[in-house]
Amino acid sequence: MRVLIVEDNARKKEVVRSVLKRKEITDISNEMFVSRVLQRVNQEEFDFIITDLGLPRFLDNPIVEDPKEGLKMLYDLAYVEKKIPAIIYSTTELLDEQINYLNELEYPYYGQATNKDELQEKVELLLKEWQPKSQSENKTIIKNRK
């Protein structure tokens with residue numbers, strides 16, 4: 001199983017890695033720039049993504065962080081042929097209309113975790129429900145969660 005962590009904070013990245021390692025997931029890639037994530041998912045295979053909401057978009061300006069850039073990235077990923085399920089790991093709360101929009105896009109969103117225990121629960125749920133499939137079969141979307 002291969003996971004992409006989209007996080008620019010080293011401490012939070014290590015928390016995510018420790019949760020994944022507990023589940024014996026060791027094929028873990030990291031990215032901190034939204035622009036690179038969109039390129040990578042078109043070139044590489046990932047089983048799921050764990051992302052922050054506040055992220056820098058471009059390599060040339062890593063200091064500027066938008067508190068909703070991770071959400072915008074998920075909106076963009078909803079239009080990519082490969083439906084890669086995602087968990088948000090962030091203390092920035094999503095609004096109901098943002099969650100509803102992800103649902104409308106039929107994006108396989110497995111909810112938001114704000115701490116390590118919640119993250120572990122979300123990962124367990126995703127591993128239980130989402131079965132990696134070939135790209136042609138991966139159009140079946142699991143109902144999104146709040």
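User: What counts as a polar contact here, and what does the side chain of lysine 83 reach?
Analyst: A polar contact is a pair of N or O atoms within 3.5 Å; within protein, one must be able to donate a hydrogen and the other to accept it, and residues adjacent in sequence count only if both atoms are side-chain atoms. This is a predicted model, in which local features need pLDDT of at least 70, side-chain atom pairs count only at pLDDT 80 or more, and totals for chains, interfaces and linings use all residues. Residues are numbered from 1 along each chain as its sequence is written, and side-chain values use heavy atoms, with hydrogens and water left out. At 2.2 Å, the side chain of lysine 83 reaches the backbone oxygen of alanine 78.

User: Is lysine 83 buried or exposed?
Analyst: Buried means under 20% relative accessible area, exposed over 50%, and partly exposed in between (1.4 Å probe, protein chains only). Lysine 83 has a relative accessible area of 15%, so this residue is buried.

User: Where is the place of lysine 83 in the chain?
Analyst: Helices (H or I, at least four residues) and strands (E, at least two) are DSSP runs, numbered from the N terminus. Lysine 83 lies in the loop between α3 (69-77) and β4 (86-89).

User: How many residues of α3 are buried, and what covers them?
Analyst: The buried residues of α3 include Met73, Leu74 and Leu77. Contact means heavy atoms within 4.5 Å. The cover includes β1 (2-6), α2 (34-43), β3 (48-51), β4 and α4 (96-104). Of the nine residues of α3, the number buried is seven.

User: Which element gives the most to the largest nonpolar core?
Analyst: A nonpolar core is a set of buried Ala, Val, Leu, Ile, Met, Phe, Trp, Tyr and Cys residues joined through side-chain atoms within 4.5 Å. The largest has 26 residues, and those with the most contacts inside it are Ile49, Met73, Leu74, Leu77 and Tyr107. Two or more residues come from each of β1, α2, α3, β4 and α4. With five residues, the element that gives the most to this core is α3.

User: Over which residues does pLDDT stay under 50?
Analyst: pLDDT is the predictor's confidence in each residue, from 0 to 100. The chain has a mean pLDDT of 83, and 82% of its residues reach 70 or more. Where pLDDT is low, the predicted coordinates should not be read in detail. The stretch where pLDDT stays under 50 is residues 134-146.
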